[in-house]
Structure formats: structure tokens, C-alpha cells
Amino acid sequence: MDFTLSDEQRQLQQLARDFARKEIIPIASEYDQREELPWQVVEKAFEVGLLNAAIPEHAGGLGLGMFDECLIGEELAYGCMGIYTILMASELGITPILVGGTEEQQQRFLGPMTEKASLAAFALSEPNNGSDAAAMHTTAVLDGDEWVINGTKMWISNGGMAEVTVVFATTDRQGGHKASVALVVPRDALGFSYNKIKHKMGQRASLTSELVFENVRVPRGNQLGGLGDGFKIAMKTLDKTRIPVAAGSVGIARRALDESVKYAKAREAFGKPISTFQAIQFKIAEMAMGIETGRLMYQKAAWLVDQGQTHGFESAIAKAYCSEMAFDAANEAIQVHGGYGYVGEYPVEKLLRDVKLNQIYEGTNEILRVVISRQLLK
Ligand SMILES: Cc1cc2nc3c(=O)[nH]c(=O)nc-3n(C[C@H](O)[C@H](O)[C@H](O)COP(=O)(O)OP(=O)(O)OC[C@H]3O[C@@H](n4cnc5c(N)ncnc54)[C@H](O)[C@@H]3O)c2cc1C
């Protein structure tokens with residue numbers, strides 16, 4: 001077993017670290033307050049090769065594996081989880097095309113995304129069903145050689161801005177998950193519109209939208225996999241893409257730790273730095289313990305993906321553990337900062353607002369416990 005990163009991996013990690021320091025951290029608070037997606041950061045990420053890096057070489061991309069993607073993710077989330085979510089959700093949108101698409105479809109849909117800065121989106125959740133995704137109401141009906149989509153999707157990251165959106169729909173509401181289909185919808189499809197969701201608690205630099213489909217027509221050639229494969233493709237996708245959420249959570253926890261160490265050394269109480277109090281030292285030690293444990297978990301899950309081995313159990317554990325560990329780290333970072341931690345002058349209150357979402361999206365941590373226990377009890 002070897003825990004050493006290769007030279008290429010260290011360079012990639014350094015690239016992402018520098019990118020977070022130069023391009024993300026200086027603007028993160030401003031875009032959070034404005035609730036606006038910083039498009040210039042997406043463009044710069046594209047220029048340096050950090051955007052949609054999983055697009056395979058045969059479609060013109062870099063073809064990065066999950067382990068490398070997660071190394072990038074930890075660094076970018078250190079800068080801002082909301083901005084990282086823009087890039088992460090794009091990889092989430094690309095993944096069903098990698099999981100269920102033919103080589104021709106991958107070239108057709110993903111090839112153009114390697115030529116200019118562009119985003120993808122993954123549209124599974126609906127207003128009335130998130131965890132129970134198989135109960136979807138959005139319908140797809142075949143009309144000749146076209147699918148006609150009607151319905152509403154909810155909480156879609158990059159929704160409306162994405163060049164391609166993978167939409168999961170039912171062909172028969174009585175048929176359950178076996179009657180589902182995955183369809184690629186281009187941004188300019190007629191009848192496709194979106195409404196931005198405002199006033200989010202955190203990750204406000206990422207765009208979250210309601211998507212509306214009114215008789216949206218796409219060619220049959222935009223169908224990924226076979227008829228009835230939609231739900232399966234969605235679940236296989238999430239088994240993979242939960243790992244970058246875990247990596248991002250570790251990035252948040254690392255930021256919480258660094259901010260806490262810096263503040264604890266500078267802030268004095270009772271005539272000495274608060275870092276000399278054991279109560280503060282132990283919070284810092286706990287954060288470090290969580291970060292080390294979480295990183296091992298996400299790296300193991302990512303490694304399994306890259307080896308082509310089963311990984312659903314490990315990815316669920318990594319995402320649930322890391323997001324809860326990072327929530328605790330952000331919470332304790334506020335405590336270390338005292339009253340100053342509670343206001344926007346220091347970055348730690350944003351860390352807590354941002355990290356909460358990591359426990360909810362890509363399968364709530366309760367649903368992940370269902371996934372984990374099902375495996376153990378079957
Ligand atoms: C900012 C944001 C971005 C998002 N981005 C995307 C995206 O890009 N694409 C996408 O498709 N979706 C996205 N989502 C949706 C997200 O995946 C769902 O919110 C999530 O899956 C939960 O679904 P729900 O909100 O309908 O909650 P519900 O399913 O209604 O759950 C409510 C509560 O009940 C619990 N619960 C439900 N069922 C069970 C059960 N069987 N056992 C135990 N507890 C249970 C849940 O864990 C939760 O605590 C996003 C959400 C947000 C807030």
C-alpha cells in the first residue's frame with residue numbers, strides 16, 4: 001500500500017490549491033452575499049483544466065479519474081464550497097453520460113464542452129420527491145422519433161445555465177423505477193425554462209433552480225441507456241459523485257482548522273493566547289483527527305472507483321462521515337472565534353452555512369445510512 005501521490009497528482013493538487021488562493025478566496029464572500037454565480041471563475045477553471053476534467057480523452061477531455069478529481073475538490077472547497085459546487089455539479093451532470101451513454105453520445109454531448117467553458121446539470125429531484133426519487137412525476141412520452149418531456153424538477157444545481165442537462169423522467173407512473181428514462185436536454189430546447197431559487201442558507205455563489213419542462217422535445221438519440229434504465233443510471237451516478245462531496249467536506253474542515261489555529265494564536269484572553277487553553281487545543285486536535293480520517297475514507301472510495309470495483313457502500317460512508325465531521329469542525333471553528341465567529345468578518349460562519357448542504361444533497365445522510373445498513377443486513 002502506498003500513500004504517496006505521484007508527481008502529476010502533486011502538481012494537480014498544487015494547481016487547484018493556487019487556484020483556490022488566487023481566484024476563489026478573494027471573491028468568495030462577495031459572491032455569497034450577492035447570491036451570484038461568478039462566471040469568470042468558471043472560465044478561468046476551464047482555462048487551467050479544472051473544469052469538467054472527467055470528460056474522457058475520446059471526447060476531447062482530460063479523462064481524470066475519481067481520485068484525481070477528489071484531490072482537486074478538497075482544494076477548491078477549501079476556498080469556497082459554493083463555488084466548488086458549480087464545478088462539482090457539472091461533473092455530476094456529466095457522469096450519467098459516462099455511465100449510460102455510448103461513445104458517440106459522449107462525443108456529441110461532451111465534446112463541445114471541452115471547447116469552451118460550459119456546465120452540465122443533473123435533474124433528478126422534484127418538488128414532491130427527493131429521497132424517493134423513483135416516485136418521479138416528470139413524464140416522457142415517445143412521439144415518433146422524439147421524446148416529449150413534461151414536468152418540474154427542483155433544486156437543480158447549475159439549472160438553466162448548463163449546456164446539457166440530464167433529466168430523469170417516467171414513461172409510466174405505475175411502473176416505478178423500471179419505467180424511467182434518462183434524457184439529455186440541451187439548454188436551448190423549446191419549452192425548457194428555469195427559475196432561480198433565492199435566499200439559500202449557504203453555497204449562495206452556486207446557482208440552484210427549479211426547471212420547468214413544457215412539451216420539451218428531444219430526439220430519441222438523446223436517450224442514455226435503454227428504456228427503463230433511467231433510475232439505475234441515476235443511482236450509479238450518485239454512488240460515484242458522492243465521493244467529491246466527501247472530498248469537498250474535508251476541504252471545508254481543513255479551512256475551519258487553519259482559521260482556528262490562526263485565530264487561537266492571535267487572540268488573547270486572561271493575558272495569554274487562547275491557544276494555550278486545553279479546551280481550545282482539544283477542539284483543534286479533534287478537527288485534525290476528523291480531517292485525517294475523512295481523507296482516508298474519500299481516497300479509498302475514489303480509489304475503488306478508479307479500480308473498477310464496487311464502491312457504493314464506501315462512497316455512502318465517506319459522504320455521510322465527512323459531511324458530518326466537517327459540520328462539527330465548522331461549528332467548533334465558530335466557537336474558537338467566540339463572538340467574532342458569529343459574524344461575517346471572519347470566514348467561519350460561512351463555512352457552517354455552506355457545509356450544511358453537504359448533509360442533504362446527493363442523498364441525505366439518512367438515506368445514506370439506509371444504503372449502508374441495507375448492505376449489512378441483506
Ligand atoms: C442547494 C441544493 C442543491 C441541490 N442540487 C441538486 C441537483 O443538482 N440535482 C438534483 O437532482 N437534486 C439536487 N438537490 C436536491 C437534493 O438532492 C434533495 O433535497 C435531497 O435528496 C432530499 O430530498 P428532499 O429535499 O425532497 O427531502 P425529503 O426526501 O422530503 O426528505 C426530508 C427528510 O426526510 C428524511 N427521509 C426521507 N426518506 C427517508 C427514509 N426512507 N428514511 C429515513 N429518512 C428519510 C430525509 O433524510 C430528510 O431528512 C439539491 C438540493 C439543494 C438544497
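**Helix α1 and its neighbours**

So, let's start with a bend: α1 has a kink of about 50°, centred on Ala-28. The bend at a residue is the angle between axes fitted to the seven residues ending there and the seven starting there. Before I go on, this is a predicted model, where local features need pLDDT of at least 70 and side-chain atom pairs count only at 80 or more, while totals for chains, interfaces and linings use all residues. Residues are numbered from 1 along each chain as its sequence is written.

Okay, α1 itself. Helix α1 covers residues 7-34, which is 28 residues. Helices here are DSSP runs of H or I, at least four residues, numbered from the N terminus. From first C-alpha to last, α1 reaches 39 Å, close to the expected 40 Å (1.5 Å times one less than its number of residues). Just after α1, Glu-35 has a positive phi of about 50°.

Which residues of α1 are buried? Among them are Leu-12, Phe-19, Ile-24 and Ala-28, where the kink is centred. Buried means 20 or more other C-beta atoms within 10 Å of the residue's own, with C-beta atoms placed from the backbone. The buried residues of α1 pack against α2, α3, α4 and α9.

Now the domains. The assignment, automatic or from a database, gives domain 1 (7-114), domain 2 (120-228) and domain 3 (232-377). Domains 1 and 3 have C-alpha centres 20 Å apart. Their contact (C-beta atoms within 7 Å, placed from the backbone) takes 23 residues from domain 1 and 25 from domain 3. On the domain 1 side, α1, α3 and α4 each give two or more residues.

Definitions and conventions. A residue is buried if 20 or more other C-beta atoms lie within 10 Å of its own, exposed if 12 or fewer, and partly exposed in between; C-beta atoms are placed from the backbone. Two residues are in contact if their C-beta atoms, placed from the backbone, lie within 7 Å.
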